[in-house]
Structure formats: structure tokens, C-alpha cells
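Visitor: I have a model open on my screen and would like to learn how to read it. Could you walk me through it?

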Amino acid sequence: MTSSTGVDDSAQTSQREQWSGQLGFLVAAIGSAVGLGNIWRFPGVAYENGGGAFIVPYTIALLCAGIPVLFLDYALGHRFRGSAPAVFRRLSEKLEWLGWFQVLICFVIMTYYAVVVAWALRYTVFSVTKAWGDDAKGFFNNYIGLGEISAAGAPAYSATPVAGVIIPLLIVWVFGLVTIGLGVSKGVEKANKIFLPLLVIMFAALVVRALLLPGSGEGLDALFTPKWSALGDYRVWMAAFGQIFFSLSVAFGIMLTYSSYLKKRSNLVGTGLVAGFANSSFEILAGIGVFATLGYMAHVEGVNVSELDDIASVGLSFVTFPTVISQMPGGALFGVLFFASFSMAGLTSFISIIQVVAAGIGEKFNLDPMRASLAVGLPSAALSFILFGTSSGLYDLDVVDAFINNIGVVGSAIVMCVAVGWILRRTGLLARHLNAVSESSMVGLWWKVLIAGVVPLLLGYMFIQTFWSYATEGYAYTKSFEAVFGWGMLLLCAVGTAVLTLIPWRTPVDSFKPLDLDEHEEVK
């Protein structure tokens, strides 16, 4: 098929890697969205923000922000068929920097994300013998090297490597780089087709086991009993939008990059709805499993669920759950199921983050998948060991994650929506594209209003509140520590963005011509 510009669209797309089909893309998209945050973040956020009542703002956030921005990512990636920098350059040359900013955000995220997955892998092995004994908290602190940090209450960077983290972290990086190096269909798609079904089966088994424990009902009551008064608190609504936003992996290049590998005729709207609701369904499932387990722990200790510690933090996975595993019949099997599921959820998300960076660098410098994977993976892996594989890794990770997500990712989303909706006024074109390639034509005025108005206003409010809070009150540590790992990481992303934007492309990025919608709609 030849477009109105005289360029053969099929010739252009045939040179780019593609998913084997719609199912391959859908599995990969769900695998990316279902990650560590679904298991340890959602249950705590829901519990702290109204319990059952949280489902109301959560559902509204999914429909009004999550799925619309997911559609935006899909439309941009599928129409302009490239890495994030290439897509935004094709949208407007002045926007290439936004693509590189998203690439740099993913570069930073993958340096610390790998460490948490490494912890989970190691704990899968620990679960066999319940190696933590009767002191899960002390064991975890010793395992990640917190004992090396001064007890003065002011954490500082430590270069002391943690021996027990090195091997699992190396395994995570080798898996990630080899998977990306094998390409989209042979690497990313096959890995997700194996790990995602295993994750669902294992986690479902874990939930069933948790529901059979004494006290599980009290745990579910704690999670789902609605606190309707919470709906009057704006912070509950912000928490809901934040959870949906980060959980779906939108607005920092992942879904945009994944959708660029789809064939021309792809049901973007249907796939987006399935991916969005599948992700939220898994979060609800995770909430049920986690709180049924916490109910059992509270039952054993003779306290209320509200009196338990570490419900909404890293400690939920690496302190609270090991404590439960030590107390319950068949705890070793339960532990293996939990941490293996946790690891697989992390690995499927991890490879999607690497793909964003590898695709951008590979396209910019004309590198094949394996060379691109090594070019981005080796320096990132080195930083991963140096910054987060040390005895201060947990503190370093906490600060970087907060600043990169709450300022970097949210800022990226705001710019993307404002640029598309107000400056370039491309929502009409992108809505038409979504409808033209999908089986239904449901994207219309409602979507344009949400992308151009509702989403940037809500996220803008979140961004201003967070930025002002971090700038004036700080996050949770000393100003000097946050200046390096918080503001410093954002500055690193900004500098890297500027440098990569200025470097000339070694591929004919500007020769691409998008799909001719008039012709495509006639075929449809």
C-alpha cells in the first residue's frame, strides 16, 4: 500500500521488528503493567485511603486518566512507529527532547528496579528453609547491608557492596539484556508468554491458600470495609490517580514503544481496554491475597490488622510476609509461591523498561537489538551495583524512586498531554487513528477533553504539590542526601536529554511517513 506522499508504508514497517500478533503484544503489555507495585503498593495505598471506598476514586482514575493516557501512548507509538525520541521528533522536531527525557527516566528506573527483583529472587531461595528464622526484620536489614549504615539517623551513601545481592542482581541483568538482545518477538514476547501465565497461576494459588488461613476474613474486612468519609479528602483522590498512573506504565515510553511494534491493522482500543482492566484486576487480586495473609498474622499475634507494621512499604514483602511464612503451616511452599510470583512480575516489567532505552539508543545510533541492549545495559548495570547494590541501597533507592516517579514521570505526562492537546492540537488526528485501526470507533470528544483538559489539570496539581513539598520540606532524609539522589538524578536526566537530543541521528528518522488514514478507513 502506498501513501499519498508516495512512500510505501508496508516497506517502512517491514524493516521494523514486530510482535507475532495481537496476542503477543497484549501479553507483553499486561506483563509490563503487572509489576512490583501491584503486589506491594496497591494493597497499602487502598488500605490507607478509605479501604473499600478507595475503589470509587480508583475506578474513576482508571477511566478518566489511566486508559485515556494509555490510548495516547498507543496512538503515538503506532502512528509514528519508532522509539520514544523518534516518535516525538516525527510529531514535532521541537519535541524530540521529550522522548529522550522518557528514555533517561527509564534508564534510571531500571538501575534500581533490578535490585528489588534481585532481592525477590534471593528470597525465593531463602523461603525453602525459612532462612530468616524468628527475626525477619533483622535478617532483611543484615541481608541488604543496613547494618553497615550509621545509626545516627542520617543515612549517607555507602560504597560497601552487599555480597548476597551480587549474584541474583547479575542473574537479573543477564536475563534482561539477553531477552532484549534477542529482539521483540524472539525475546520480549516469548519471555512474557512464559512468565505471565506462570505468574497468574502461582499467584492465584497463593491467594487461595491465603483465603483458607484463620483470620483471613478479618484481613479482608480491614481492606474492603469502606471509610466513606475518606472520599472528602483530596489526598485520597490524588493517591488513586497516582496509583493508576504508575501502575499502567504510561507516559514514560513503555507502552508507546511496545505499540510501535504492532502491525498496521491492530485493535488498539480493544487491546488497551483489556490491558487496563487486566492490570486493575490483578491489583485487586493482590490486595485480597496480601490482606488475607495479614489477617492471619493479626490472628496469630492477637491484634488488629491496623496494629501491624510495614503494611505499605518494602517491609510488606521482605519483613511482614516472611514473618507470616514462619508462622503458618506449609509456610515454605507459600513463601516460594509468593517470591517466585514477585520475581516474575518484576522481570516482565524490567524487560519493558530496558526496551524503551535500547530502542531509543538503537534507533539513534543504528545498532541492532543485541548491540543496543549491551550499549545501554552494561553502564546501567554498573550503576545498579554501585548505587543500589551497596549497604545504603535501600535508602538510595527510596529517594531516587520518589523523585523520578513523582516529579519526572508526572512532569513528562503533563508535557505530553499539553503538547498534543493544546500546542500541536493533534488529539483529533490521533483519535481518528485509534478508530481507523481498531475494530470499534469509540474514541471521540470524551477522549480529547480528558487528554487536553482533565489529565493535565489533575496531574499538574499533583506535580505542584509534590514539587513544592520536596523543595521546601524535603522528602524523608537530609537535604544533602536528597540533593544527590533526588534532585541530582533529575538533573542527570535533564543533562542526558540535552546531549542526546543534540547528537545527529545515524538513521533516516525524518524519512518516515505515517499511515494514510483516508486509504485505511476505506479498507476498513
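**Reading the model**

Guide: Let us begin with one side chain, remembering that this is a predicted model. Apart from residues up to four places away in sequence, Leu-76 touches Arg-81, Val-87, Phe-88, Leu-91, Leu-256, Met-416 and Leu-430.

Visitor: How should I read Leu-76 within the largest nonpolar core, and which residues touch the most other members there?

Guide: The general idea comes first. In soluble globular proteins, nonpolar side chains tend to be buried together. In this structure, the largest nonpolar core has 187 residues, and those touching the most other members are Leu-76, Trp-119 and Phe-318. Helix H7, residues 96-129, gives the most to this core, with 22 residues.

Visitor: Stepping back, how many helices and strands are in the chain?

Guide: The chain has 22 helices and zero strands. Its radius of gyration is 23 Å, close to the 24 Å that the globule rule gives for 524 residues, so the chain is as compact as a globular protein of that length. Along the principal axes, the C-alpha trace spans about 75 × 45 × 45 Å.

Visitor: What share of the chain's residues count as buried?

Guide: Of the 524 residues, 60% count as buried. For the outside, look at the accessible surface: about 19400 Å², of which carbon and sulfur atoms hold 65%. Charges can be summarised too: the mean positions of the 29 positive and 33 negative charges are 9 Å apart.

Visitor: And what share of contacts comes from residues 24 or more positions apart?

Guide: Among contacts with a separation of 6 or more, residues 24 or more positions apart account for 84%. Pro-379 gives you an example of sequence distance against spatial distance: Pro-379 and Thr-111 are 268 residues apart in sequence, yet 9.3 Å apart in space, C-alpha to C-alpha. Pro-379 is found in helix H17, residues 369-388. Leaving aside neighbours within four places, Pro-379 is in contact with Phe-107 and Leu-374.

Visitor: Where is Thr-225 found, and what does it contact?

Guide: Thr-225 is in the loop between helix H11 (216-224) and helix H12 (234-247). Beyond its neighbours within four places in sequence, Thr-225 is in contact with Gly-50, Gly-51, Gly-52 and Leu-220. Tyr-47 makes another good distance check: Thr-225 and Tyr-47 are 178 residues apart in sequence and 9.2 Å apart in space, C-alpha to C-alpha.

Visitor: Why is Thr-225 called partly exposed?

Guide: Use the cut-offs: under 20% relative accessible area is buried, over 50% is exposed, and partly exposed lies in between. Thr-225 has 41%, so it is partly exposed. Pro-379 has 38%, so it is partly exposed as well.

Visitor: Now a polar side chain: is Gln-355 buried or exposed?

Guide: Gln-355 has a relative accessible area of 5%, so it counts as buried. It is found in helix H16, residues 331-365. Leaving aside neighbours within four places, Gln-355 is in contact with Ile-180, Val-184, Val-188, Thr-257, Tyr-258 and Tyr-261.

Visitor: What about the backbone: what is the phi of Arg-81?

Guide: Arg-81 has a positive phi of about 45 degrees although it is not a glycine. You will find Arg-81 in the loop between helix H5 (55-80) and helix H6 (84-91). Its relative accessibility is 7%, so Arg-81 counts as buried. Ala-251, also not a glycine, has a positive phi of about 75 degrees. Ala-251 sits in the loop between H12 and helix H13 (254-259), and at 0% relative accessibility it counts as buried.

Terms used:
Residues are numbered from 1 along each chain as its sequence is written. This is a predicted model: local features need pLDDT of at least 70, side-chain atom pairs count only at pLDDT 80 or more; totals for chains, interfaces and linings use all residues. Side-chain values use heavy atoms; hydrogens and water are left out. Helices (H or I, at least four residues) and strands (E, at least two) are DSSP runs, numbered from the N terminus. The radius of gyration is taken over C-alpha atoms; the globule rule is 2.2 Å times the number of residues to the power 0.38. Buried means under 20% relative accessible area, exposed over 50%, partly exposed in between (1.4 Å probe, protein chains only). Contact means heavy atoms within 4.5 Å. Accessible areas come from the Shrake-Rupley method with a 1.4 Å probe; for residues, only the protein chains shown count as cover. Lys and Arg count as positive and Asp and Glu as negative; His and the chain ends are not counted. The place of a charge is taken as NZ of Lys, CZ of Arg, CG of Asp or CD of Glu. A nonpolar core is a set of buried Ala, Val, Leu, Ile, Met, Phe, Trp, Tyr and Cys residues joined through side-chain atoms within 4.5 Å.
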